[in-house]
Amino acid sequence: MRLQGPLPIVRTLALRLALFSLLWWVLTEGQPGSWPLGSLFVVLATALSLALSRPVPWSVVGFARFVPFFLWWSLRGGVDVAWRACVPTLPIAPGILTYRFRLPPGRARVFMTAVISLLPGTLSAEIVRNELFVHVLDQRASSEADLAALEDKVGALFRVSPSTPQSTHAETS
C-alpha cells in the first residue's frame with residue numbers, strides 16, 4: 001500500500017504522539033510532575049513505533065463512521081447474547097459461517113478479523129487463504145450481509161476498496 005504525500009506521516013505522527021501521551025497520562029494517573037520525564041518517553045516511544053511500524057493510511061471520515069457502527073453493533077450483539085442467555089429454551093444454533101474476504105490481505109483484513117472477535121456472539125476462528133471462518137451463536141440469525149457491512153466500514157477506515165468476491169459465501173455447521 002503506497003502512501004501519498006506527507007499527510008499520512010504527519011497524521012500518523014500526531015496520532016501516535018497523542019496515544020502515547022494518553023498512555024503516559026493514564027499510567028501516571030495524570031500527575032503533572034511526571035511530564036518532564038514523560039515527554040521524553042512519549043517522544044522516544046513515538047520514534048520507536050515509527051521505526052518499527054510504517055504509517056498506515058487511514059481515513060478520519062472512515063474512523064468517524066466506523067466508531068458509531070462498532071458501538072451500535074457491540075450494543076446490539078450484547079443485548080442479543082444477554083437475551084439468549086436469559087431465555088429458558090436457550091435459543092442458539094451455533095455454527096461456523098464461512099466468509100470470503102473482499103478486502104486484500106493486510107492490516108485491514110487483520111483488523112476486521114479482530115473486530116469480529118470483539119463483537120458479542122461472534123468469534124473469528126480461522127483464516128484460510130481468502131476465507132474467514134466465524135463461529136456464531138446462531139447461524140440462522142447471522143448473515144453474510146452483516147459481515148459485508150463490517151468489511152465496507154473497515155475498508156473505508158483503511159482507505160481500501162473491497163473487491164467483488166470470486167464466489168458466494170457459504171454456511172456450514
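A residue counts as buried under 20% relative accessible area, exposed over 50%, and partly exposed in between (1.4 Å probe, protein chains only). This is a predicted model, in which local features need pLDDT of at least 70 and side-chain atom pairs count only at pLDDT 80 or more, while totals for chains, interfaces and linings use all residues. Residues are numbered from 1 along each chain as its sequence is written, and side-chain values use heavy atoms, with hydrogens and water left out.

**Ala85**
- Ala85 sits in helix α3, and helices here are DSSP runs of H or I with at least four residues, strands being runs of E with at least two.
- With 57% relative accessibility, Ala85 counts as exposed.
- Between the C-alpha atoms of Ala85 and Arg100 there are 30 Å, although the two are 15 residues apart along the chain.

**Helices α3 and α5**
- The axes of α3 (residues 60-86) and α5 (residues 144-157) come within 8 Å and cross at roughly 150°.
- The two helices are therefore roughly antiparallel to each other (angles over 145 degrees).
- Among the residues that meet (heavy atoms within 4.5 Å) are Phe66 and Trp73 in α3 and Leu150 and Val154 in α5.

**The nonpolar core**
- The largest nonpolar core (buried Ala, Val, Leu, Ile, Met, Phe, Trp, Tyr and Cys joined through side-chain atoms within 4.5 Å) has 23 residues.
- Those with the most contacts inside this core include Met112, Ile116, Leu150 and Phe158.
- Two or more residues each come from α3, β1 (95-100), α4 (107-118), β3 (131-136) and α5.
- Helix α5 gives the largest share of this core, 5 residues.

Terms used:
Axes fitted to C-alpha atoms, helices over the stretch in contact; angles between N-to-C directions. Parallel < 35°, antiparallel > 145°, perpendicular 65-115°, else oblique.
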